Amino acid sequence: MAQATKEPCKKEACDIQACLSKNNFLPQRCLKVIELLDSCCAKCNYNSTHCASLSGLLKQKPKGYNATQPIH
């Protein structure tokens, strides 16, 4: 069984960095991984250093965006 990391949401934060790097730092191209970090942060009550930068990324999310819907 995998051991829980000491710092919650580290994997999700790293995934966002990788996505942003691949997509010229355009957050609108990384909305799914941003949503995954938001979900992780909610699960740990935002008690992670990786959740601090989330608010800026979420502000760039289009209104009514749903990560399960494709972007046209």
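Here are some friendly notes on this predicted model, going from the overall fold down to single residues.

1. **Overall make-up.** The protein chain contains three helices and zero strands. Read from the N terminus, its elements follow the order α-α-α. Of the 72 residues in the chain, 31% are buried. As for how contacts spread along the sequence, take those between residues at least 6 apart: 58% of these join residues at least 24 apart.

2. **The nonpolar core.** The largest nonpolar core has 15 residues, and the members touching the most others are Cys9, Ile16, Cys30, Ile34, Leu37 and Cys41. Helix 1 (10-22), helix 2 (31-43) and helix 3 (54-59) are the elements that give two or more residues to this core. Which helix gives the most? That is helix 2, with six residues.

3. **Cys41, one of the well-connected core members.** Cys41 is among the core residues that touch the most other members. If you set aside neighbours within four places in sequence, its contacts are Cys9, Tyr46, Cys51 and Leu54. One of these partners, Cys9, is itself on the list of residues touching the most other core members.

4. **How helix 1 and helix 2 pack.** A pair of packed helices is described by the angle between the axes and the distance between them. Here the axes of helix 1 and helix 2 come within 9 Å and cross at roughly 165°. Because angles over 145 degrees count as roughly antiparallel, helix 1 is roughly antiparallel to helix 2. The crossing of the two is left-handed.

5. **Who makes that contact.** Helix 1 contributes Glu12, Ala13, Asp15, Ile16 and Cys19, while helix 2 contributes Val33, Ile34, Leu36, Leu37 and Cys40. Sorted by class, the contact holds eight nonpolar and two charged residues, with no polar ones. Ile16, Ile34 and Leu37 also appear among the residues that touch the most other members of the core, so you may like to view points 2 and 5 together.

6. **Glu12 and Asp15 on helix 1.** Both Glu12 and Asp15 are found in helix 1. Leaving out neighbours within four places in sequence, Glu12 is in contact with Leu36, Leu37 and Cys40. Glu12 and His50 are 38 residues apart along the chain, with their C-alpha atoms separated by 8.5 Å. Asp15 counts as partly exposed, at 27% relative accessibility. Its C-alpha atom and that of Leu36 are separated by 9.4 Å, for two residues 21 apart along the chain.

7. **Val33 on helix 2.** Val33 sits in helix 2. Is Val33 buried or exposed? With a relative accessibility of 19%, Val33 counts as buried, because the cut-off for that class is under 20%. Not counting residues up to four places away in sequence, Val33 touches Asp15, Ile16 and Cys19. For the pair Val33 and Cys19, the C-alpha to C-alpha separation is 7.8 Å, against 14 residues in sequence.

8. **Two positive phi values.** Most residues other than glycine have a negative phi, so the next two residues may be worth a look. Cys9 has a phi near 70° and Asn24 has a phi near 55°; both values are positive in residues other than glycine. Where do these two residues lie? Cys9 is in the segment before helix 1, whereas Asn24 is in the loop between helix 1 and helix 2. Their surroundings also fall into opposite classes: Cys9 is buried, with a relative accessible area of 4%, and Asn24 counts as exposed at 62% relative accessibility.

9. **Thr49 and its link back to the start of the chain.** Thr49 belongs to the loop between helix 2 and helix 3. At 58% relative accessibility, Thr49 counts as exposed. Along the chain, Thr49 and Pro8 are 41 residues apart, and their C-alpha atoms are separated by 8.3 Å.

Terms used:
Residues are numbered from 1 along each chain as its sequence is written. This is a predicted model: local features need pLDDT of at least 70, side-chain atom pairs count only at pLDDT 80 or more; totals for chains, interfaces and linings use all residues. Side-chain values use heavy atoms; hydrogens and water are left out. A nonpolar core is a set of buried Ala, Val, Leu, Ile, Met, Phe, Trp, Tyr and Cys residues joined through side-chain atoms within 4.5 Å. Buried means under 20% relative accessible area, exposed over 50%, partly exposed in between (1.4 Å probe, protein chains only). Helices (H or I, at least four residues) and strands (E, at least two) are DSSP runs, numbered from the N terminus. Contact means heavy atoms within 4.5 Å. Axes are lines fitted to C-alpha atoms, for helices over the stretch in contact, and angles run from 0 to 180 degrees between N-to-C directions. Angles under 35 degrees count as roughly parallel, over 145 as roughly antiparallel, 65 to 115 as roughly perpendicular and the rest as oblique. A crossing is left-handed if the near helix is turned anticlockwise from the far one by less than a right angle, and right-handed if clockwise. Ala, Val, Leu, Ile, Met, Phe, Trp, Tyr, Cys and Pro count as nonpolar, Asp, Glu, Lys and Arg as charged, and the others, Gly among them, as polar.
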